[in-house]
Structure formats: C-alpha cells, structure tokens
Amino acid sequence: MINNISIKAINMQTLKYRISPFLILLFLLPVYGMSGQSGIEPADIKFVRQGVKRLIFDPEQAIPLASLDPGNIIGIASMHPVHQYTSDPATYQLSGDQLRISSEAHSESSIWLGGFNPFATYTLDLEACSGRGALGFEFADKDKKERFIVSIRFDGSQLQDARLQVILDGRTITDSSILLESARGATLPARIRLQMLGSGLNLFFQNEGLPVAIGQVDFSQHLDLRQKRCLSTFQSGLYFDLSDAEVRINGARSELSTGLGQADIRVITYKDGHPLLDEGRLWYTLSIRGRALPHHIQGVFSLDPSVFDLRLEGVIVFDQNDGILRNEISTHLFYDEEADRWMGLTTGFSAYANPDEQKQILAIESKKDPRFGFSIMQARPTGIVGDIEDSHILFDEEAGKWRLLTCENLDGYKAVIMESDTWDRGYRRIAGPVANNSTGTSIEMIDGKRYCFSGSSAREVFVYTYPDLQEAGTLHMDLPPWDDKSGTRIWPNVVELPAGYPTKYIALMMDRYNFPGQKGPHWTYGALYLYHGTPE
C-alpha cells in the first residue's frame, strides 16, 4: 500500500490517527514529482494509444443477481416454484441440462427466477420452441395483483411480435406491441435479453455476433418500477403463454451488466481532487448505456493502471426521499476522510422521465462504500438548476473554497467554474464560459499544478488554466478516439501516476459510436480507449 498514489489510501483503510497536513504534504511532494521534473504542462505530454475495448453485455464483467440453471436444480418445486394462471396447467420438466415447458391446451404460467431490480439485465437462453405462443419475463408482487410482462410471440421458429403487458388489480392497463419492425420474422432460438433501464427498457435477441434490438419502450406512465416498494416487494420470473406448444430453455439469469457501451468517464478522487488509487487500482464512474435519456445507469469500474483490465465493480442509483430510485449519471464521486463519507455530484437526467421535473445538479452522499455491488446514495438539490452537466468538484484548501468545473448550455455547452463555501449549495460562477464547446470537464493535477480539461466538438481536447479558465493548449494524441466523421465530444480523464508504473500519465477516453438498430434518438456510445502519456 506504501507504493500507492497517496498516504490517504492507508489512512482510509488502516490508520486510526489523524496525520497532520504538513506530514501529508511532505509525503506527497516526491510522489507527485513536485521536487523532480519542473514545468511540465499538459500540452508537453504525448499520449499514445495502448488498447481499446467495448463492453457489450460482457459476461465476464456481469455482477450476478439470480439464476435458473436446469442442470443444477434438485427440488424444482422449492427452488423455482411455478405459478399457473389458467385451469389447464403447463408442464415443467427437467431434461438433462434443460427445462422443458409444454402445453397442449392453452396455458399461462410463470416460474420463479429471483428478486427484482429495475436496473438489471435479464437473459433467457432459449434452446428451441415449436407451436405457437409467447415467452419472456414477468415482474410481479407476491399476490400477482401487479404484473409487468415483457414477452415475445413466436410461430414455430419465427419471431412474430414483442409486447408489453401491465396488469394492475386484475385490470389490463396496457397490452401493446413494442416490436421494432426491422426485427419481425427473425429466426429463433436465441438468447433473449431484457435490459431494464428504470423508466424504460430494451429487448434484444442474440444468436451469433452482436445483440439485435427487437423492442423498446418507455413505461413509467403505466407502472413506475423505480418505486422503492417495487425493489423490495416484486419478484422476477420467466413467463410462458402456450397453446399446443413446447419450449426448451438452457437457463436464465439476472445481473448488473455493462450494457451496450460506456461513457462519461470520471476518476473517483479524494476531497482535494487527488485520484483514489486503492488496492493498486484506479476507480472510475462510467455511465452504462441503454438508449436515450434517461435510459443510462451509473456504473463503477476499476482499472490497474499498469495494464488494461477495466472491471465492472458496481452500480449506483440515487434516492431523493420521494419514493423513487433514480438512475442519474455523469457523477463525480469523492471520499472525504474527515467526514468518513463518500460524497459528490451527479446530473439529474432522470428528470427527462417526468415532464414536471427539471434537470439539475444533485449533491450525493453515502456512509457505505458505493463502489461495490448495488448501492443507493442519498441525493438532494444543490440549487444549480437548468441545462448544466458533467460537474467535477473539489475543495481548494488554499482558497478555502469548494469549486466545481462544469458545462453550462450558454449558446452551446461551455465550461465554467463555480465556487461556494459549502460543498452542496450556494454556488456562484467565478470563471468562464470558455469560447469552445465543452464536455466531460475535469480538474487534474499535472506536475503539482491543477489544470482543467475538456472534450469538445472541435476535434480537440482543450486544456485551461485553473481557476481562471484561460486557454493552455490542447492534448497531443496519436490515434484519437474518433475518425473524420464521428463525434469528438469525449471525456479526457488524464491521471498522473507515481513512480513504478510503465508510464507517468494515463488517459481513459471513449468514442461516440452509437449501437446500431435502435429507433429514434439514442446515445448508446461507446468503446473505451486507454492512452499512456510521456512528456515530450
């Protein structure tokens, strides 16, 4: 642990006594090179691409929630009980490593899979189907009074339709097609994947190659599954509606997944802005992409900066004490040692699911370490309301102020710096807007001096002085994460490393290539790019 970037990592995990700021400064000076090389500026660093990867429902990265594995079931009636909705029951039979569901007469039934999470991905591995019917996923309370069913209809091996059905107190609220017409007639069997996104969903099937989008819908007007009561009382199952039909499945599972792509990359820091290098890994918040806004999820990833082993560690949702769990993104998370709390800012994109709400910057905090598993952080308004996003916060000890760098829509998104005496409210602008289009704004330490970084639409990553936002050049990159036609509004994420690593600086960036096949506006980028930086 001594070799990590900051003595603060030791203090957070093992030390019980407060270390004076003077001793911390003495330790940090050689680590950050303040007494070594001098005068290095961001524009002096040459970044060379090391690797690229796009995590598309990556099974190696999935965090498991529940599963149905026919080959390991003993006592199916207890492990995975069946609920029959019709007087003529379907037959459930284990056959080797498969589960066979069949019915000669019309039957409607479901088999228990696990608990329910409105931000999880659900997968059904379909081996074969014959006859006519429907299969999919059901989310319901224990009495089956509230039911949310997403299913595909098949005729033999042909996909006929994809549907959403919501039933409340025995009354059908909606029963409508969510099929993308381009998918009609697709050939089964396939893996059927349902990506739940809080107030919306995506439905895919996959044989070989990439998943293919077959359905999408927003549904919170019918039943808002983000309600905290749904998380605690609903359960998930596999749904079958069969008439002289048979279905064979290899299994099913629910998990926290990497989604279609990742974006909005922000390194997790300490209160003063230094990056958190814990257990030999850097920690990042990345948005897990689903479709449009508000259909993304806040993921937490870690990376050993000596290699390229980016790993999904957890998912964070946010509670404003209004009974709804929200999937905000564009989060900056920091650890405050004095308060022994995880804190930060996030952008309230969930407002797009409710026409009565406004987008705003939210202050977030948690006593629990939110980097792992499924976490709920408390959120409250900061008073920063409007078209503002991508905030990076730190406490500037020299100024005695909290400062945040953010993007405000002022005839296009432009970087500005705000300042306050209190971390969660009372901000006023002290610098900016800059002249250039801005995105993914962050404040990073280079050779003992803070700089502001910003992606842009100008095919450049801009560098600005801190805190007055004067232009200080652009980043030099070989093979930037774009081509002549793609968007360039990326997040730079430059991090300085201590001695012992193969490079002095790394930058983790993303591209803006959307996932194919979805209908309407969507932001489903991107792949992740790792760069090593060396002063020229």
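Which residue in E28 is the bridge partner of Cys407? It's Ala415, and that pair is a handy way into this predicted model. The strands to look at here are E27, covering residues 401–409, and E28, covering residues 413–420. They run antiparallel to each other and are held in register over eight bridges. As a reminder, strands of a sheet pair through backbone hydrogen bonds, in either a parallel or an antiparallel way.

Now zoom out from that pair. E27 and E28 belong to an open sheet of four strands, ordered E26-E27-E28-E29, and the pairing is antiparallel. E26 and E29 sit at the edges with a single partner strand each, so one side of each has no neighbour in the sheet. Going from one strand to the next, the twist averages 35 degrees.

Follow the chain out of E29 (428–431) and you get to a loop that leads to strand E30 (439–446), with Pro433 in it. Check the peptide bond between Gly432 and Pro433: it's cis, with omega at about 10 degrees. There's another cis bond to find, joining Tyr466 and Pro467, where omega is about 5 degrees. Pro467 is in a loop too, the one between strand E32 (462–465) and strand E33 (471–474).

While you're looking at the backbone, two residues deserve a click for their phi angles. Ser330 isn't a glycine, yet its phi is positive, at about 60 degrees. You'll find Ser330 in strand E22, which spans residues 329–336. With a relative accessible area of 2%, Ser330 is buried, since anything under 20% counts that way. Asn493 is also a non-glycine with a positive phi, in this case about 55 degrees. Asn493 belongs to the loop between strand E34 (476–477) and strand E35 (494–496), and its relative accessibility of 2% makes it buried.

Last stop: the empty space. Rolling a probe the size of a water molecule over the atoms shows where such space is left. The second largest pocket holds about 310 Å³. It's lined by 18 residues, and those closest to its centre are Leu293, Phe349, Glu389, Arg489 and Tyr525. Two elements from earlier turn up again here: E22 and strand E26 (388–396) are the ones that give two or more residues to this lining. As for chemistry, the lining of the second largest pocket breaks down into eight nonpolar, three polar and seven charged residues.

Notes: Residues numbered from 1 in each chain as written. Predicted model: local features only at pLDDT ≥ 70, side-chain atom pairs only at ≥ 80, totals over all residues. Heavy atoms only, no water. Buried < 20%, exposed > 50% of the residue type's maximum accessible area, 1.4 Å probe, protein only. 1 Å grid on protein atoms, 1.4 Å probe; cavity = no way out; pocket = protein on both sides within 12 Å on 5 of 7 lines; lining within 4 Å. Points joined across faces, edges and corners; volume = space filled by probe spheres on them. Nonpolar A, V, L, I, M, F, W, Y, C, P; charged D, E, K, R; others polar. Pairing = 2+ DSSP bridges. Axes fitted to C-alpha atoms, helices over the stretch in contact; angles between N-to-C directions.
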